[in-house]
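Hello, and thanks for passing this one along. Below are my notes, as numbered points, for reading with the model open beside them.

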Amino acid sequence: MKSKRKYRNLVIIILNAIVIIAICILTVVGKSMAVSQQYNSNADRWKNDSKENFAQISTFLSEDAEFTTDNINSVRAEFISTLKDASIEMKDGNLPFSDAYSSQVGTFTIKGDLTGRSEAVMTAVGGDFFSFRNFMLIDGAFFTENDTMQDGAVIDRNLAWSLYGAYDVAGMNIYINDIKFYIAGVIDNPSTKPENDCIGKLPRIYISYEGASEISAMSGGNNSGIPTDPTTMLATSDGFRQITCYETVLPNPVENFAYNTVKKHFSENYADKYSIVKNSTRFEPSVRAKAFKKIYNYAVIKNNINYPYWENASRLTEFKLTFLYFFRRLLFAVPVITIIWLAILCVKFLRKKQPAVLRAISIFIDRRRRDIKEKLENKKRKFNKNIK
């Protein structure tokens, strides 16, 4: 009987050890997967520069939402007003938040000064777009919306090699529909598997909305010379203005303040035509474990939103982490059940040994009383001796 009990206890100890090791491994793997999707951690960079709390929120809109560059100032004004009501105001004339917006324009033929040419997927960008990306520069620099001239382009290493057979090509010219741009910077290819799985095989190029509008206007407001599905563009004679991805890092003085601020604006103006994401908390174990109940959301598409590749990569990571953290939560049941079982055994043992336990407690208390009494008497004798 004793040998069976020892064997049972040994099995329980080994099982718990294996489960705890598995939990630790899953935690490390999950953390590594989440950290790899760096574009979701912009709020952390703001926290490092301020004592305030921040949250990153992304909004993705369908093509028929008609959210354009004309709406950006109204969004910013509403956010400023909401933040002001929460006693958060601009400092030194700077916005108390950061935002970025973008949309995939289509696939274009890009030419260089020499004979190089290549098809590439073009994305129009605005705001602090490049500060929201985890792009690795290998040459040159990023352009900003504050640049006097908006004819810069950021290209990936594949496009740089196709056009010039080199990567250090910042400052060189490229031509899109015979409109000249210069290469502001060259970025490396994505470093994570989810991003590589979602980005596609064509090279990537990023230009300003002003540049995209010039290309669109030169095309007469149509998609001539653009070998892609025309539904990917909102081109008019006034230029390209469509926004399908709006991202922001907002102060978050209380839980969900930033999320509710963004959601309020888009739900009132673009109901059923947008999808909103809490980037800052999307990979947290508790969030992903709870999402297991709605895992079908990743299999069933309920809207006609075309997500950018970096968001698709994050959604793919979310999908994997949902299973990982749900399984990890199940594993916690083993040590919890073991602790409950040990607690029950302790209660049974105490009940069985109650008289002996009470006697031991009584003896311990009596000893402590004698010790305390003896110390007090010793102090009293010393006191009386000092007085004499």
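1. Let me start with helix α8, where the buried residues are F257, A258, Y259, T261, V262, H265 and F266. Please keep in mind throughout that this is a predicted model. The cover over those α8 residues includes β1 (54–61), α3, β11 and β12 (274–278). As for its length, α8 has 13 residues that should span 18 Å at 1.5 Å a residue, and the 19 Å between its end C-alpha atoms agrees with that.

2. Just ahead of that helix, have a look at N256, which sits in the loop between β11 and α8. N256 is not a glycine, yet its phi is positive, at about 70 degrees. Most residues other than glycine have a negative phi. With a relative accessible area of 28%, N256 is partly exposed.

3. Helix α3 (residues 72–85) is a partner worth viewing next, since β2, β3 (117–127), β11 (245–251) and α8 (257–269) are among what covers its buried residues. Those buried residues are I72, V75, R76, F79 and L83. Looking down the axis of α3, they fall within an arc of 95 degrees, so they line one face of the helix. N73, K84 and D85 are exposed on the other side of α3. The helix has 14 residues and reaches 20 Å from first C-alpha to last, close to the 20 Å expected at 1.5 Å a residue.

4. What happens to the backbone just after α3? There, S87 takes a positive phi of about 65 degrees. A86 is in the loop between α3 and β2, and its 29% relative accessibility makes it partly exposed. A86 also pairs with a distant part of the sequence: P253 is 167 residues away along the chain, while the two C-alpha atoms are 8.4 Å apart in space.

5. A further positive phi is found at E66, about 55 degrees, and this residue is not a glycine either. E66 is placed in the loop between β1 and α3. Is E66 buried or exposed? Its relative accessible area is 58%, so E66 is exposed.

6. E247, in strand β11, makes a contrast on accessibility: its relative accessible area is 0%, so it counts as buried. Which residues does E247 touch, leaving aside neighbours within four places in sequence? Its contacts are Y39, I57, S58, S98, D99, A100, F132, R133 and W310. In addition, the C-alpha atoms of E247 and V277 lie 9.4 Å apart, with their positions 30 residues apart in sequence.

7. For anyone thinking about pockets, the second largest one holds about 490 Å³ of space. Its lining has 21 residues, and W46, N94, L95, P96 and F97 lie nearest the centre. Both α2 (42–49) and β2 (98–112) supply at least two lining residues each. By class, the lining divides into eight charged, seven nonpolar and six polar residues.

8. Finally, the whole chain. It has 12 helices and 12 strands, and 39% of its 388 residues count as buried. Among contacts with a separation of 6 or more, 76% join residues 24 or more positions apart. The pair A86 and P253, 167 residues apart in sequence, is one to display when looking at how distant parts of the chain come together.

Notes: Residues are numbered from 1 along each chain as its sequence is written. This is a predicted model: local features need pLDDT of at least 70, side-chain atom pairs count only at pLDDT 80 or more; totals for chains, interfaces and linings use all residues. Side-chain values use heavy atoms; hydrogens and water are left out. On a 1 Å grid over the protein atoms alone, a cavity is a set of points where a 1.4 Å probe fits but cannot get out, and a pocket is an open set with protein on both sides within 12 Å along at least five of seven lines; lining residues have an atom within 4 Å of a point. Grid points are joined across faces, edges and corners, and a volume is the space filled by probe spheres set on the points. Helices (H or I, at least four residues) and strands (E, at least two) are DSSP runs, numbered from the N terminus. Ala, Val, Leu, Ile, Met, Phe, Trp, Tyr, Cys and Pro count as nonpolar, Asp, Glu, Lys and Arg as charged, and the others, Gly among them, as polar. The expected span of a helix is 1.5 Å times one less than its number of residues. Buried means under 20% relative accessible area, exposed over 50%, partly exposed in between (1.4 Å probe, protein chains only). The arc is that of the directions from the helix axis to the C-beta atoms. Contact means heavy atoms within 4.5 Å.
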